[in-house]
Amino acid sequence: MTTPLQKWVKDLTDLMTPDKVYWMNGSDKEAKQLAKEAETTMVNGVPVLTKLSDKEFPNSYWHRSNPNDVARTEHLTYVCTPQREEAGFNNIWMDPSQAKEKMNGLFKGCMKGRTMYVIPFVMGNPKSDYAKNCVQVTDSLYVALSMRIMTRVGDVAVERIGNSDDFFKGYHSIGEVNPDRRFIMHFPHENSVMSFGSGYGGNALLGKKCYSLRIASYLGRKEGWLAEHMIIIGVQAPDGKTTYFLGAFPSACGKTNLALLDPVLKGYKVWTLGDDIAWINVGPDGQLYAINPEAGFFGVAPGTGVKTNPVMVETLKSDKFFPTLYTNTAVDNDNNSPWWEGLTDEKPENLTDWHGAKYDETSGKPAAHPNSRFTVSAKCCPTMSPEYENPLGVPISGIIFGGRRKSTIPLVYECENWDHGVFTASIIGSETTAAQSGAAGVVRRDPMAMLPFCGYNMGDYFKHWLTFKNRAKKLPKVFMVNWFRKDEDGKFMWPGFRDNSRVLKWMIDRIEGKVEGEKKELGLFPKIEELDLSGLEIAKETVEKLLSVSKEEWQKEIPMIEEFYSKFGDKIPKELKEQLDGLKKKFA
Ligand code: GTP
Ligand code: SPV
Ligand code: MN
């Protein structure tokens, strides 16, 4: 008997005509074999993987991508719902049958001379009712090995799927890595994604942004849950109690760093549960519970060092999982180990840059690409919470939203209630980064840090968020933060990183009712004396400035919000319109 899964793979084999088909089982032995093959497999004249030294960074491999393929390409990413309106202005839309015709044209014969890797995987703990069954095919060894790190690959997925046709179907080929023939097409109604022409993380590891956010957000709306671009952490206070938070920040705005935080405050500890994606359900007791569907971290390398993120450096130095991949970083030739700006204070003398050339110090350019990344298993992370595998997830007491803003947004404030929290998240603005192709440093609205990842109309998404007021018995507090405010000289005013624990402490104190804060136009702010600034050299005026609300800046901000809201037409819920009117009055 042929199962629907076998039939699907057979049909794809006929279409893509690979020389070989290989089903991944997720074993260690298999990973070692695939890594070995990757060392001698060439793509665009570059070996897929280069072995680095195990001495400091065990199991480390270097991957150089095509320089035209170093970030997500949002302008080539489509959501193909039957009706255009369902996708919303936040997505580029194509008619599903037209999209499939286009993709089938690209896929036809695309694996000739190559191997098709069939990757069965589960997003979430297979024991969890919230977990989802998925299969991706790919012709990229880099993608296959990355999927092993980022998801739970193996027979458990095949067993869970059994004779059912109800699983996510991911179609992927790197094609010729040509941006003119690159498309990432989502079909939420059919639980599938077709991706061609890119090997980059968010474009090619289909379990990540494509499935666990775009497709899952669509499913979540249908089924009454949320798929969010959020970290999950537990913050343990000196009294031993752990408070769980979610945190949403746009790409390259601090999620991974907050998720693996080593607090400067004595007696505090951060437990990591997730650094990028959270699936949120109303639990049996009426609280919101979150699970992380992923199994590893695909993190921004530059800026990750012993001072900023010691836990991540320890994670990368762990030998608990094979392999760890370094994509578009530089290489320190004296040690044969990965290097990037910020890993060490001193730049090594003998570097190979991310293009594979001898690094030219005088070029003025960084040796590692600004969006260079490591791919490492959560098993390597020393702060991973024991609750990470809890099938129910963890109960959430606080949701933190943030963005990258040199002005306008204060260090921290608390929203007044759920509607106000949803509103505040819906108007997040953030400077673009190297995580997406296009200009960096341009402020754009990025509601809930989900603008590039919401798989349906964002007006309906806001409505869905508002419904949790009635679905949940007890809602978390909602906070807004900004670690990136700058002074007149263009310097960050807040030290950030490990010092962000000072802000987390205030949030816990608020959740426990230990501090009362003070009301300002945007919400509830810490009184300066409520912030634990012990051991920090920072001028009182700087903290005051960090917590200030500038009428002038908000008078510039509000028209941008209005302009953004106007794009939704009548899709903006009335609760949010009322909130915006209220905000306008405050700054009139
Ligand atoms: P994605 O993986 O793209 O989703 O990024 P992310 O949101 O996980 O961001 P990440 O933690 O990797 O940080 C991105 C960049 O911001 C890195 O270069 C960090 O060094 C820097 N960064 C993170 N936290 C802080 C902070 O508190 N202050 C400052 N100044 N920079 C930070
Ligand atoms: C992001 O850009 O938000 C990332 C990297 O986390 S990617 O997986 O490529 O989306
Ligand atoms: Mn991300």
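User: Which cut-off makes a residue buried, and what is the relative accessible area of H229?
Analyst: A residue counts as buried when its relative accessible area is under 20%. In this predicted model, H229 meets that criterion and is buried. Its relative accessible area is 0%.

User: Which residues coordinate the manganese ion (ligand 3)?
Analyst: The coordinating atoms lie at 2.2 to 2.6 Å from the manganese ion. One is an NE2 atom and the other an OD atom. D276, like H229, counts as buried, with 7% relative accessibility. The residues that coordinate the ion are H229 and D276.

User: How many residues apart in sequence are the parts that this pair ties together?
Analyst: H229 lies in the loop between β14 (226-228) and β15 (230-236). D276 lies in the loop between β17 (269-274) and β18 (278-282). The pair therefore ties together parts whose separation in sequence is 47 residues.

User: What distance separates an oxygen atom of ligand 2 from a polar backbone atom of G202?
Analyst: G202 is among the residues that come nearest to ligand 2, as are R72 and K209. For the side chain of R72, an N or O atom is 3.0 Å from an oxygen atom of ligand 2; for the side chain of H229, the corresponding distance is 3.4 Å. For the polar backbone atom of G202, the distance is 2.7 Å.

User: Which elements give two or more residues to the shell around ligand 2?
Analyst: Ligand 2 takes up the space of the largest pocket, and 13 residues surround ligand 2. The elements that contribute two or more residues to this shell are α7 (201-204) and α8 (207-223).

Definitions and conventions. Residues numbered from 1 in each chain as written. Chains lettered and ligands numbered in written order. Predicted model: local features only at pLDDT ≥ 70, side-chain atom pairs only at ≥ 80, totals over all residues. Heavy atoms only, no water. Donors = N, O, S within 2.8 Å, 3.2 Å for Na, K, Ca; no water. Helix = DSSP H or I, 4+ residues; strand = E, 2+ residues; numbered from the N terminus. Buried < 20%, exposed > 50% of the residue type's maximum accessible area, 1.4 Å probe, protein only. Near = heavy atom within 4 Å. Polar contact = N/O pair within 3.5 Å; in protein donor to acceptor, adjacent residues only side chain to side chain. 1 Å grid on protein atoms, 1.4 Å probe; cavity = no way out; pocket = protein on both sides within 12 Å on 5 of 7 lines; lining within 4 Å. Sits in = over half its atoms within 2 Å of the grid points.
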